[in-house]
Amino acid sequence: MNKALFLDRDGVLNELVYYADTDSRDAPRHPDDVQLRPGVRQALRTASDHGWLIFVISNQPDAAKKKTTRAALDAVHARLLDELQGAPIAEFFYCFHRSEDRCVCRKPKPFFVLEAAKKYDLDLTQSWFVGDVDTDMECGRRAGCRTALLEYEPSASKRGRERPDLVCRDLDHFVRSVVTS
Ligand SMILES: [Mg+2]
Ligand SMILES: [Zn+2]
C-alpha cells in the first residue's frame, strides 16, 4: 500500500488574496492572483522523493456563488500548475459546490480522500491531511488520516475547534517535521 499527503490548496500551496467586495482574503478568482507560498515547490519534491503520493483536495464554491466564473477557476488551476513547474502532484480533486448544495464531495466530507484511497491503494492510517482550517482537519480525521494544521495568519478565524495531530508554520515546516525528520 502507498502513503499519501492530502493537501488543501488555498493557504497551503498558494496565498489567499484580498478582495475589496467581500473585504476578506479568499481563494484566487483570477489567474493573475495566483502566488505560491514560500518553499512549496521544494517541499513537494522532497515529499515525493521520499515516497509519498501527493493529492490536492479543495473546495472551490466561488463560481457557484457568482463571485467568479468556472472558466476563471479553471484558469486559476492552470496558472497554479504553471507555477508549480512540474511538482509531483498525483491528482487534484475539486468540489465546485456550495454548502447548501448538499453534495457528496465538499470538505469536511472525506469523499475525495476515500476515492483516492481506492484508486491509488492508499493506507490512510499512514497518510496525512494538511490544511489551514478546521474543516480540513475534520475531513482528514473522518477519513482516518493523521492531521496537520498550518498556522496561516489570513485564515486564523477558521481554526480552533479541531485538535490536529500536529501544528506547523507552513508546508515546508510540515515536510521537515514528518517526511525528513
Ligand atoms: Mg485553505
Ligand atoms: Zn461537492
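Two strands are said to pair if DSSP finds at least two bridges between them, and the strands themselves (E, at least two residues), like the helices (H or I, at least four residues), are DSSP runs numbered from the N terminus. The views below show a predicted model, in which local features need pLDDT of at least 70 and side-chain atom pairs count only at pLDDT 80 or more, while totals for chains, interfaces and linings use all residues. Residues are numbered from 1 along each chain as its sequence is written, and chains are lettered from A and ligands numbered from 1 in the order in which they are written.

**View 1. Strand β7 and its parallel partners.** Strand β6 (residues 128–131) runs parallel to β7 and is joined to it by four bridges, with Leu 149 of β7 as the bridge partner of Gly 131. Between these strands the chain passes through helix α4 (residues 134–143), a β-α-β crossover that is right-handed, a term meaning that, with the strands pointing away from the viewer, the path from the first strand over the helix to the second runs clockwise. Strand β8 (residues 166–168) also pairs with β7 in the parallel sense, over three bridges, and here Leu 150 stands opposite Cys 168 of β8. Of the five residues of β7 (146–150), four are buried, where buried requires 20 or more other C-beta atoms within 10 Å of the residue's own, exposed 12 or fewer, and partly exposed a count in between, with C-beta atoms placed from the backbone.

**View 2. The loop between β4 and α2.** Ala 63 lies in this loop, which links β4 (53–59) to α2 (70–84), and it counts as partly exposed because it has 17 C-beta neighbours inside 10 Å. Beyond its neighbours within four places in sequence, Ala 63 is in contact with Thr 68, Thr 69, Arg 70, Leu 73 and Phe 96, contact being defined by C-beta atoms, placed from the backbone, that lie within 7 Å. Lys 66 is placed in the loop between β4 and α2 as well; its phi is near 65°, a positive value in a residue other than glycine, and Lys 66 counts as exposed because only 7 C-beta neighbours fall inside 10 Å.

**View 3. The loop between β5 and α3.** Pro 108 is found in the loop between β5 (91–95) and α3 (111–120), and the peptide bond joining Lys 107 to Pro 108 is cis, with omega about 15°. Arg 102 lies in the loop between β5 and α3 and, although not a glycine, has a positive phi of about 50°. With 8 C-beta neighbours inside 10 Å, Arg 102 counts as exposed.

Methods: Contact = placed C-beta atoms within 7 Å.
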